[in-house]
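Visitor: I'm new to reading protein models. Could you walk me through this one?

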Amino acid sequence: MVASTDTALIDQRRSDALTRATRIVGRILLYGILVFMSLWFIAPLFWMFMSSFMPLEQVGVFPVEWIPRVWQPENYTDALKFWKFGTTFRNTMFITVVSLIGDIGSCTLVAYGFARFRFPFRDTLFLILLATLMLPFAVRLIPVYAAYDAIGWIDTFYPLIVPNFFGNAFYIFICRQFFLGIPQDLLDAAKIDGASEFRIFTQVMIPLAKPAIVVIAILSFQNSWNDFLGPLIYLKDPDLHTLAIGLYKFTSLPGQGGIYNQQMAASVMMVVPVLIVFFLFQKQFIQGANLSGMKG
């Protein structure tokens, strides 16, 4: 009897040890895969940053060299001589900030209506709204361009800004999912205290929806900042060009087609603001993305 009990204890300990070893090996493999994938995605960004300080003859050599032989910070000043960075940066920042305000204001308001109001065909209208995500920009390009041309908006910032004040289907979906996760009892308590719908929206829902709003803000900032096709189509005046157009024209200037170190320096100057915004708000971004998908 005692021998069988000891045997069972030994088997149990062996089983526990095997389980712990399996978990440790699994975690090592998981972390190894995550580190490898992280390095895989970071490597191009790291090389772009390093090559912006390299001599021209070192850029593009094979095998790839990751560290500059001689550091040349003057690549940035040389790039600025040919690239209207100040003008394009000012235009891009204006478009991005105004578009961000429009996206947040319109999308939160529409999402609140879809999440909290009961009206006929509400779900059908929401499905139609989501269906617009299936329409690529190229399909809408000609009729939209013709409409903007008819009202004299070509070669102005209006085509890049005004549509953001009428909502974005994807941003509305994100915000609506978050609003649905807020307890109804909280809103009922506010109504009992005499709060109007507008007050509930501005003083109750908006403060609680900060994680979702941060997600919308980051995505809107990134889309407006990196937008290339829109400014390329609607903006003809060089003084109205954005960073994306300026960077494209910089690479096509006479004598600049093969100066890759200066092109990398210009690319870094364009990418850095987006990276700063993401790293400053990455915690809120991840939290908002998780909470927005909890409730269907």
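Guide: Sure, let's start with serine 52, which sits in the loop between α1 and α2 (74-82). This is a predicted model, where local features need pLDDT of at least 70, side-chain atom pairs count only at pLDDT 80 or more, and totals for chains, interfaces and linings use all residues. Residues are numbered from 1 along each chain as its sequence is written, and side-chain values use heavy atoms, leaving out hydrogens and water.

Visitor: Is serine 52 buried or exposed?

Guide: Look at the relative accessible area: under 20% is buried, over 50% is exposed, and partly exposed is in between (1.4 Å probe, protein chains only). Serine 52 has a value of 0%, so this residue counts as buried.

Visitor: Which residues is serine 52 in contact with, leaving aside neighbours within four places in sequence?

Guide: Contact means heavy atoms within 4.5 Å. With those neighbours set aside, the list for serine 52 is Gln72, Asn75, Tyr76, Asn261, Met264, Ala265 and Val268.

Visitor: How far apart in space are serine 52 and tryptophan 71?

Guide: In sequence, 19 residues separate serine 52 and tryptophan 71. Going from C-alpha to C-alpha, the distance in space is 9.1 Å.

Visitor: What nonpolar surface patch is tryptophan 71 part of, and what is the area?

Guide: Patches take residues with over 30% relative accessible area and no salt bridge (a side-chain nitrogen of Lys or Arg within 4 Å of a carboxyl oxygen of Asp or Glu). Like charges are joined within 9 Å, and nonpolar side chains (Val, Leu, Ile, Met, Phe, Trp, Tyr) within 5 Å. Trp71 shares its patch with Ile42, Phe46, Phe62, Val64, Trp66 and Ile67. Using the Shrake-Rupley method with a 1.4 Å probe, where only the protein chains shown count as cover for residues, the area is about 770 Å².

Visitor: And isoleucine 42, where is that, and what is its relative accessible area?

Guide: Isoleucine 42 belongs to helix α1 (residues 2-51). Helices are DSSP runs (H or I, at least four residues), and strands are too (E, at least two), numbered from the N terminus. Isoleucine 42 is partly exposed, at 47%.

Visitor: Why does the length of α7 agree with what a helix should span?

Guide: The expected span is 1.5 Å times one less than the number of residues. Helix α7 (residues 169-180) has 12 residues, so it should span 16 Å, and its end C-alpha atoms are indeed apart by 16 Å.

Visitor: How many residues of α7 are buried?

Guide: This helix is mostly covered. Among the buried residues are Ala169, Tyr171 and Leu180, and the count out of 12 is 10.
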